[in-house]
Amino acid sequence: MLTDFTQLEAGTPVNGNDEVERNMVLVEKLAYSKGLSPEAISIMLEFAMSLRMGTSLCARVLKCLIPATLVPQEAVVRAVVWLSVGKIPVSTQILFIKWVLTVFDMIDAKDQLRAVYGFIFNFVTEENLCPFICHLLYLLTRKESVVSCSMLILFPQGRQPFLLSLLSLYKVFCPEMVMLSIPSRIKSGFRNHNMPWKSALIAVQKGAGPHVAAGISPASTTIKTNPRKRVWGFSKEAQTEPSSCGKVVPLVQLHSFAQLLENMHRIELPAQMGSLLGSSLALQYLDCVQDESALLRLNFWLGYALHEEFLFCGDRGASQNSQEALPFLDRLLSTQHFLQEGFSCSEAFLYKFLNVWDGSLLRPQILGLLSNIPVVPSAQIRQLLFEPLMQLFFTSSLFFKCGLMECLNNMLLKWLTWHSVYALEDDLDISLNSHTSINMTLSGFKDSVMELVDFVGRLASLGLQLEGCHSLLLSFVLDFYETVCDMFMKYGLPLVVMPPPGVFYPALFATDPVSVDRLAYIMHRYKVNFTSAKSQEELTKAFHISRQMVREFNHYIIVMVNCLWNSKMFQLDMGLSLGEDLLLKSKVPQYWASFDLVHHPAFMSYAVDFHHRDMDLNSIKVRGHF
Amino acid sequence: MTSRLPPRGNVTTSYAHSEKKRDGSTVPATSPSVRARVRGAERSSMAPLRPLSRLPGLNSANVLLVESEEQFQQRLADRLVEETTFTVNVRLAKSLPLPVENEESRPRIDLVVFIINLTSELSLQSAEASVKCLDHRYFLGKVSFMVTNARNVAAPGERLDAVRKLAASLHCALLFAEDQTPDGVTNATERLLTILKVAAGLVPMTTALYLSNLTRGTALRDIDQPSFD
């Protein structure tokens with residue numbers, strides 16, 4: 001059947017030609033069910049782009065070109081040559097470029113395409129094709145390609161996002177050739193083009209089996225220790241690989257850390273940057289080498305994938321969404337955990353996502369990603385982070401409140417850990433793993449931490465009130481303050497912040513002994529931190545403790561000791577002042593002792609236990625209101 | 001583990017006639033649980049819905065769900081009445097104002113929720129028109145907006161901004177809901193119940209106004225370019 005297409009002569013009429021129609025239908029059926037073989041793709045592409053039977057069939061063929069396994073690059077190169085002949089209508093040209101972008105990862109090798117880089121570059125001048133050509137060039141660009149192209153063509157075109165993305169990649173490779181300044185974050189660089197083929201591609205690949213990489217979910221390279229012969233014969237194998245030209249080693253071919261070290265200086269990164277996410281070897285390489293172009297490309301791909309999956313999704317069924325989405329997010333999370341830092345694109349994505357989040361969709365993953373975001377400057381933290389979180393917190397269930405508390409605790413922990421690792425006296429050089437570097441002074445960092453701690457304090461006080469001092473929420477809140485109380489001793493940050501009364505008093509009067517005990521531990525740690533900070537203040541005179549905080553601490557300690565030990569509750573100046581007549585009206589005998597160690601409701605179980613050991617229950621004289 | 005108690009609340013639907021309809025036509029009920037039907041063709045009066053016109057019921061709360069497309073509200077209502085710790089009565093409406101005939105039998109409405117589907121312009125316009133028919137005292141924390149399809153590519157950004165502005169200017173909570181999955185509906189129900197309990201006075205030491213101050217948002221939201229320079 002396919003040979004019929006090769007033999008059709010130019011000028012054969014289309015309309016009313018039943019044989020051609022029948023063959024077309026057969027090809028379409030095959031394409032949508034199993035996908036077309038590489039030879040079939042080659043033949044059909046040639047047939048379409050040469051316009052042997054006019055322009056109407058060309059678009060139709062392009063739409064059904066679903067590859068089963070691979071796309072031969074010769075076919076693509078030939079088709080690109082046909083593009084320049086000039087007879088194909090513009091919309092069909094655009095359709096062709098979109099098709100190339102969709103199946104880009106399935107093209108078996110890219111060296112011939114790179115050879116015609118300059119040829120493709122000339123299409124940039126055409127207004128309609130420009131966005132798509134820029135995207136294609138972005139995927140193909142290497143350092144060698146940049147040098148051979150003329151930059152002047154791009155200048156008058158303006159500052160559209162696709163041009164800026166391409167220019168920023170050029171700037172990374174050859175900074176001396178790009179004169180204009182590129183903004184550090186470019187709004188939505190390249191748009192999604194694979195819509196017409198995406199669903200068909202996914203269907204075909206699902207049918208083919210799990211080993212074929214899907215369009216959007218990245219292929220994961222497996223890490224196995226290979227048999228010895230591979231390791232020995234490796235460099236020879238690399239040199240016989242046609243695409244590597246004996247100089248570079250594609251990263252996908254490395255399978256052990258030893259190989260990585262051997263070939264460190266000549267590694268070639270794959271075109272599909274997302275495939276790096278699953279492989280710890282690749283991540284170690286990226287982390288060590290800090291290759292800006294690679295990070296740029298990875299960031300770009302990641303941001304684009306996150307946007308497409310979660311922010312601008314269509315009306316697809318939700319189950320399909322979560323099946324692909326969940327493993328992708330889990331992999332992203334484990335990558336961030338491995339690298340010990342987040343990606344800037346996931347940060348930008350999160351801020352947008354929080355504004356349309358319902359609080360339960362993919363909650364563990366989103367909260368995990370949220371805890372990885374780097375330090376936010378205090379001027380922006382309220383608008384970007386706190387507002388949407390507040391709206392979600394106060395309208396959601398107890399479990400969301402607890403989850404968010406834990407997330408903010410992890411965020412604080414990561415900020416503090418990062419500070420203790422990177423702090424260089426007064427000036428902190430915060431360079432995230434993107435090409436931007438944020439310089440934040442120690443005071444700026446302290447401001448951000450203060451804002452975060454204040455915010456959580458507020459959430460905690462109000463949340464506990466709304467939930468009736470629920471012990472689960474109280475436990476998560478006390479977790480947070482266990483982190484806060486040790487900021488000076490454990491992480492070297494000269495900052496001490498006391499918990500608000502809305503957290504202290506519910507913990508002190510809690511009905512479970514664990515909360516009271518943890519509160520006592522936290523107060524003990526505060527004391528240790530204060531004394532150590534004070535001694536350091538006398539020595540260096542550089543660190544200034546807030547007098548207000550010391551006063552608050554003293555006040556809390558006095559209340560706590562009076563309440564638990566001295567049986568002197570409800571006295572004046574103790575924070576909780578109830579009028580004496582009111583207390584007498586309550587008919588609680590000896591109300592001043594009602595929350596000491598003997599009578600506290602939280603320790604009731606210990607009191608009963610104590611009596612069980614020595615005497616029987618009948619001999620307990622129950623005093624007061626129990 | 002625990003057996004499911006039969007729902008204690010009930011769902012009532014009232015249809016508001018638009019001003020154009022003059023002749024009488026009974027509107028058929030869409031589900032067996034509907035108890036009230038609207039008959040007759042009198043022009044609905046423009047008397048706004050008032051929050052304090054009746055006494056509250058014991059351990060119960062009444063919520064009014066207003067949605068011009070009438071799709072999500074039914075599913076939400078079915079889940080809402082399953083609440084067991086207190087009785088939830090749900091009333092459904094397509095738009096405000098509600099017909100005058102039912103005013104006698106209508107209990108005190110504790111919370112009015114406007115459900116807006118971001119992919120339809122009509123939904124937003126209907127909600128904006130209905131908002132004008134509420135007594136101003138409702139806007140002390142007894143109104144909230146629920147938005148569906150916010151992540152859909154078909155929903156233009158300006159519409160979401162308009163909804164945000166509307167909610168911020170009226171000091172109302174803005175909730176997002178995923179109406180495509182049962183989990184999303186469950187979550188939306190939980191969030192509505194959180195606000196409803198406060199609005200009906202069932203949470204000690206918390207009033208609707210207090211909660212609305214905590215959940216109020218601001219209108220401006222330029223997130224696209226967080227510039228750190």
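Start by selecting chain B: of its 229 residues, 54% count as buried. Keep in mind as you click around that this is a predicted model.

**Stop 1: chain B as a whole**

Colour chain B by secondary structure and you should find five helices and six strands. Trace the chain from the N terminus, and the elements come in the order β-β-α-β-β-α-β-α-β-α-α. Now switch on the surface. Chain B exposes about 11,300 Å², and carbon and sulfur atoms supply 53% of that area. What about contacts inside the chain? Among those with a separation of 6 or more, 78% are between residues 24 or more positions apart.

**Stop 2: two strands in chain B**

Next, select residues 60–67 of chain B, which is strand β2, along with residues 87–93, which is strand β3. These two strands pair in the parallel sense, over seven bridges. To look at one bridge, pick Val63(B) and find its partner in β3(B), Val90(B).

How many residues of β2(B) are buried? Eight of the eight are, so β2(B) is largely enclosed by the rest of the structure. Turn the strand to check each face: Ser60(B), Asn62(B), Leu64(B) and Val66(B) are on one side, while Ala61(B), Val63(B), Leu65(B) and Glu67(B) are on the other. Both faces are covered.

Strand β3(B) tells a matching story: seven of its seven residues are buried, so it is also largely enclosed by the rest of the structure. One side carries Thr87(B), Asn89(B), Arg91(B) and Ala93(B). On the other you'll see Val88(B), Val90(B) and Leu92(B), and both faces are covered.

**Stop 3: where a helix of chain A meets a helix of chain B**

Now select residues 378–395 of chain A (helix α21) and residues 182–199 of chain B (helix α4). Their axes come within 8 Å and cross at roughly 80 degrees. An angle from 65 to 115 degrees counts as roughly perpendicular, so that is how α21(A) sits relative to α4(B).

Which residues meet here? From α21(A), show Gln391(A), Leu392(A), Phe394(A) and Thr395(A); from α4(B), show Arg191(B), Thr194(B) and Ile195(B). Colour the residues of this contact by type and they divide into three nonpolar, three polar and one charged.

**Stop 4: helix α20 in chain A**

Stay in chain A and select residues 363–371, which make up helix α20. Eight of its nine residues are buried, so this helix is largely enclosed by the rest of the structure. The buried ones are Arg363(A), Gln365(A), Ile366(A), Leu367(A), Gly368(A), Leu369(A), Leu370(A) and Ser371(A).

**Stop 5: two single residues in chain A**

Select Leu298(A), in helix α17 (residues 292–311). Is Leu298(A) buried or exposed? With a relative accessibility of 1%, Leu298(A) counts as buried. Try your distance tool from its C-alpha atom to that of Ala200(A): the two residues are 98 apart along the chain, and the atoms are separated by 26 Å.

Last pick: Lys110(A), in the loop between α6 (90–102) and α7 (111–115) of chain A. Its relative accessible area is 13%, and buried means under 20%, so Lys110(A) is buried. Leaving out residues up to four places away in sequence, Lys110(A) touches Gln73(A) and Phe104(A). For one more distance, go from Lys110(A) to Leu493(A), 383 residues apart along the chain: their C-alpha atoms are separated by 51 Å.

Technical notes:
Residues numbered from 1 in each chain as written. Chains lettered and ligands numbered in written order. Predicted model: local features only at pLDDT ≥ 70, side-chain atom pairs only at ≥ 80, totals over all residues. Heavy atoms only, no water. Axes fitted to C-alpha atoms, helices over the stretch in contact; angles between N-to-C directions. Helix = DSSP H or I, 4+ residues; strand = E, 2+ residues; numbered from the N terminus. Parallel < 35°, antiparallel > 145°, perpendicular 65-115°, else oblique. Contact = heavy atoms within 4.5 Å. Nonpolar A, V, L, I, M, F, W, Y, C, P; charged D, E, K, R; others polar. Buried < 20%, exposed > 50% of the residue type's maximum accessible area, 1.4 Å probe, protein only. Areas by Shrake-Rupley, 256 points an atom, 1.4 Å probe, with all protein chains shown as cover. Pairing = 2+ DSSP bridges.
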